[in-house]
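Open the model in your viewer with the sequence panel alongside. The stops below each say what to select and what is there.

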Amino acid sequence: MAKNEKDHHHHHDEQVDHSKMDHSSHVGHSYHEDQVKEGIQDDSNPAKIHDDHAHHNHGGHDHSDHGHHHHGNFKEIFLKSLPVGIIILLLSPMMDIRLPFQFTFPYSDIVVAGLATILLVYGGKPFFQGAIEEFRQKAPGMMALISLGLSVSYLYSIYAVLARYVTGGHVMDFFFEFASLLLIMLLGHWIEMKAVGEAGDAQKSLAELVPKDAHVVLEDDAIETRPVNELKVGDLVRVQAGENVPADGIIKRGTSRINEALLTGESKPIEKGAGDKVIGGSTNGAGILYLEVQETGDQSFISQVQTLISQAQDQPSRAENLAQKVAGWLFYIAIAAAFIAFVVWLYIADIQTAVLFTVTTLVIACPHALGLAIPLVIARSTSLGASRGLLVKDREALELATKADVMILDKTGTLTTGEFKVLNMETLDGQHTEAEIAALMAGIEGGSSHPIAQSIIHHAEKLGIQPVRFDSIDVVSGAGIEGNANGRKYELISQKALGRDVAMDVPKGATLSILVEDGNPIGTVALGDELKETSRTLIQALKHYNIKPIMATGDNETAAQGVAEELNIEYRANQSPQDKYDLVESLKNEGKTVIMVGDGVNDAPSLAIADVGIAVGAGTQVAIDSADVILTQSDSGDIGSFIELANKTTGKMKQNLVWGAGYNFIAIPLAAGALAFIGITLAPAAGAVLMSVSTVIVAINAMTLKLSTRTV
């Protein structure tokens with residue numbers, strides 16, 4: 001059946017027009033240049049992971065190093081700091097309140113001071129580095145607030161210990177607050193990093209699509225194995241069956257089916273022969289091809305996709321990051337309140353009173369609850385999402401999804417199954433039943449591994465129909481297939497090969513084949529990429545959330561129009577990676593917040609530049625690496641669940657920020673002594689109790705996050 005496999009043309013009436021994929025439209029960057037441009041982060045610098053993500057290139061899309069290294073660092077720092085922190089908590093009173101589990105011994109405060117110094121240098125390092133980064137960007141926030149609380153509580157406590165031994169009097173220290181603050185903040189960051197999972201590297205996955213070596217045909221027909229990066233335009237390359245194509249080129253000899261689904265989104269393997277273009281990274285079928293290299297390096301399709309991803313990662317995020325904003329406000333409020341408290345109390349009392357009020361103000365300003373407010377919600381949200389097959393890699397995606405105006409959806413594999421099925425089978429002559437037509441078609445296709453042939457065979461199996469046994473089967477070049485059974489001649493050919501129109505019901509975008517018996521058409525079969533059952537539910541959910549759906553596909557006009565009309569949505573056909581990228585960019589330039597959903601390499605750049613990128617899990621690693629959210633079950637209906645999750649998670653974040661920081665806007669002025677003139681002050685112990693209560697409330701509130709049992 002090798003001949004059958006090689007020339008089986010009749011199923012390919014409709015092919016994607018790749019001419020839009022202009023391989024010289026712009027100058028690209030090589031993979032290595034992109035690495036330099038991105039500036040791979042130093043693994044040893046956990047400061048860059050601070051939860052404001054202020055340094056992000058693109059709302060979390062800069063996945064070059066933003067996952068496992070920093071997540072690992074916070075886990076390691078927390079676990080190594082924990083024993084030291086616990087000893088400090090056991091030996092130090094909480095704002096002068098001796099708790100039941102605490103104890104002291106002679107010079108225990110000296111031991112605590114030494115341990116606190118170790119904890120500050122080791123455990124505090126990522127926060128101080130993060131604060132430096134925030135100040136460089138002139139945007140002090142969470143890291144600056146944490147660093148302020150750690151510095152003030154540590155320095156004053158060291159002073160308190162020294163003062164005890166110099167003066168012999170008792171001076172309250174804040175070692176308990178220092179250690180608990182540091183441990184809770186480390187834990188919070190570890191929880192969040194663990195929750196959002198590990199980031200992928202789209203550039204690396206993309207580079208892996210292209211084989212490392214190519215088989216170059218020399219003038220004497222000898223074969224030389226040469227690294228792909230040494231290929232030159234004009235080289236003749238042999239591509240074995242099953243290999244990935246090493247470079248963009250034109251076929252000189254041979255025919256085969258090329259699977260470009262990962263690159264272009266075209267779901268059908270495409271029959272190609274002499275004179276046809278092929279894309280580097282696509283997969284060769286059963287035939288052997290000889291192709292002349294046309295594009296190498298920066299001008300290749302893969303390189304241009306890499307360039308687009310790199311450009312997307314340079315886009316700034318449009319997430320507001322409420323926690324960062326709240327922390328920023330608290331930082332300025334605390335500094336202002338502390339300064340005023342110091343000046344006022346220095347004037348009406350003495351320097352010792354002024355310093356105590358100032359320090360208390362600054363310590364209370366850094367609420368422990370704020371460090372857990374967002375991480376606990378993220379951890380709960382991530383767990384809920386995972387139970388629905390949603391993996392959220394970037395928490396900013398949740399915030400941005402609540403503001404979405406437009407969702408751009410790929411067709412193949414996203415809205416449709418990406419697998420060819422029999423959509424319609426009809427009898428034409430009135431003398432044969434549909435079961436007989438199915439038996440004949442399954443019989444003539446017997447032995448073929450062609451995806452559409454397999455669809456017909458599976459259709460017959462599903463109906464319990466036994467295929468007709470054919471005596472002989474031959475390929476009709478450029479037309480279809482023919483064979484003999486029961487003394488009659490049968491052909492399964494395209495309408496074009498038949499040469500005349502046949503009255504039949506053809507679904508839009510379907511591939512049509514006609515069964516002919518002794519020259520007379522007796523039946524038809526329409527095959528196509530079927531809509532996923534959940535696609536209609538998704539469109540309804542988007543309309544519920546006032547998000548406009550637009551389908552953008554690399555597939556042809558007819559196939560795209562059929563799906564778009566069935567779903568009653570706007571569409572763009574024949575979309576290259578550049579086209580999809582431009583579409584997302586133009587919508588963003590109009591001020592719209594854009595979600596992109598896709599599964600192929602051709603979707604990767606637009607997944608990266610979109611405000612939120614959602615990858616369908618059965619798609620390519622490149623798409624998954626470029627996205628913020630992954631649908632592990634490849635179910636488009638889960639997108640509706642993600643939108644619901646985003647709205648509910650963001651709501652919980654806002655509530656927790658109120659509980660975690662809201663009381664501070666009252667506590668800070670009281671701690672500074674603003675109402676001392678009428679006898680109202682906030683004792684340090686009362687501040688500690690308030691802090692503990694808000695932490696408990698934040699934890700309970702996070703756990704109440706739930707998803708509805710069904711998607712809207």
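Select V344 first. V344 counts as partly exposed because its relative accessibility is 39%, and buried would mean under 20%. This is a predicted model. The residue sits in helix α11, which covers residues 322-348. Now add F339, I340, V343, Y347 and I348 to the selection: together with V344 they make a nonpolar surface patch of about 670 Å².

**The whole chain**

Show the whole protein chain as a cartoon. The secondary structure comes to 25 helices and 22 strands. Switch to a surface: the chain exposes about 28,400 Å², with carbon and sulfur atoms supplying 56% of that area. Of the 712 residues, 57% are buried. How do contacts in the chain divide by distance in sequence, among residues at least 6 apart? For 72% of those contacts, the residues joined are at least 24 apart.

**The seven-stranded sheet**

Next, pick out the open sheet of seven strands. Reading across, the order is β10-β22-β21-β20-β11-β18-β19, and the pairing is mixed. Select residues 390-392 and 570-572 to mark the edges: these are β10 and β19, and each pairs on one side only. Look across the strands: neighbours in this sheet are turned by 20° against each other on average, direction ignored.

Stay with the sheet and colour residues 612-616 and 629-631. These are β21 and β22, which pair in the parallel sense over three bridges. To find one of the bridges, select V616, whose partner in β22 is L631.

Then bring in residues 535-544. This is helix α18, which packs on the sheet and touches β11 (406-409) and β18 (548-552). Compare its direction with that of β11: the two make about 160°.

**Strand β17 and its partners**

Move to residues 520-531, strand β17. Is this strand mostly covered or mostly open? Strand β17 is mostly covered, with ten of its twelve residues buried.

Add residues 416-427 to see one partner. This is β12, which runs antiparallel to β17 and is joined to it by eight bridges. Label E426 and T524 here, since E426 stands opposite T524 in β17.

Add residues 511-517 for another partner. This is β16, paired with β17 in the antiparallel sense over seven bridges. Label S513 and V525: S513 stands opposite V525 in β17. Follow the chain from β16 to β17 and you pass through a hairpin with two residues between the strands. D518 is in that turn and has a positive phi of about 50°.

**Salt bridges**

Display the charged side chains as sticks. Side chains of opposite charge can pair when their charged atoms come close. How many salt bridges does a search of the whole structure find? The search finds 18; a few of them are visited here.

Start with K252 and E292. They form a salt bridge, with the closest N and O atoms 3.6 Å apart. K252 lies in strand β4 (residues 248-253) and E292 in strand β9 (residues 289-295), so the pair ties together parts that are 40 residues apart in sequence. K252 is partly exposed, with a relative accessible area of 44%, and E292 is also partly exposed, at 30%.

Go on to K489 and E482. This is another salt bridge, and its closest N and O atoms are 3.8 Å apart. K489 is partly exposed with a relative accessible area of 38%, while the value for E482, also partly exposed, is 22%.

Return to helix α18 by selecting R536, and add E566. Their side chains meet in a salt bridge at 2.9 Å, N to O. The pair links distant parts of the chain, with R536 in helix α18 and E566 in helix α19 (residues 557-567), 30 residues apart. R536 is partly exposed at 40% relative accessible area; E566 is partly exposed at 47%.

For the last stop, select D109, R164 and D173. Salt bridges that share partners join these three residues into one network.

Note on methods. Residues are numbered from 1 along each chain as its sequence is written. This is a predicted model: local features need pLDDT of at least 70, side-chain atom pairs count only at pLDDT 80 or more; totals for chains, interfaces and linings use all residues. Side-chain values use heavy atoms; hydrogens and water are left out. Two strands pair if DSSP finds at least two bridges between them. Helices (H or I, at least four residues) and strands (E, at least two) are DSSP runs, numbered from the N terminus. Axes are lines fitted to C-alpha atoms, for helices over the stretch in contact, and angles run from 0 to 180 degrees between N-to-C directions. Contact means heavy atoms within 4.5 Å. Patches are made of residues with over 30% relative accessible area and no salt bridge: like charges are joined within 9 Å, nonpolar side chains (Val, Leu, Ile, Met, Phe, Trp, Tyr) within 5 Å. Accessible areas come from the Shrake-Rupley method with a 1.4 Å probe; for residues, only the protein chains shown count as cover. A salt bridge is a side-chain nitrogen of Lys or Arg within 4 Å of a carboxyl oxygen of Asp or Glu. Buried means under 20% relative accessible area, exposed over 50%, partly exposed in between (1.4 Å probe, protein chains only).
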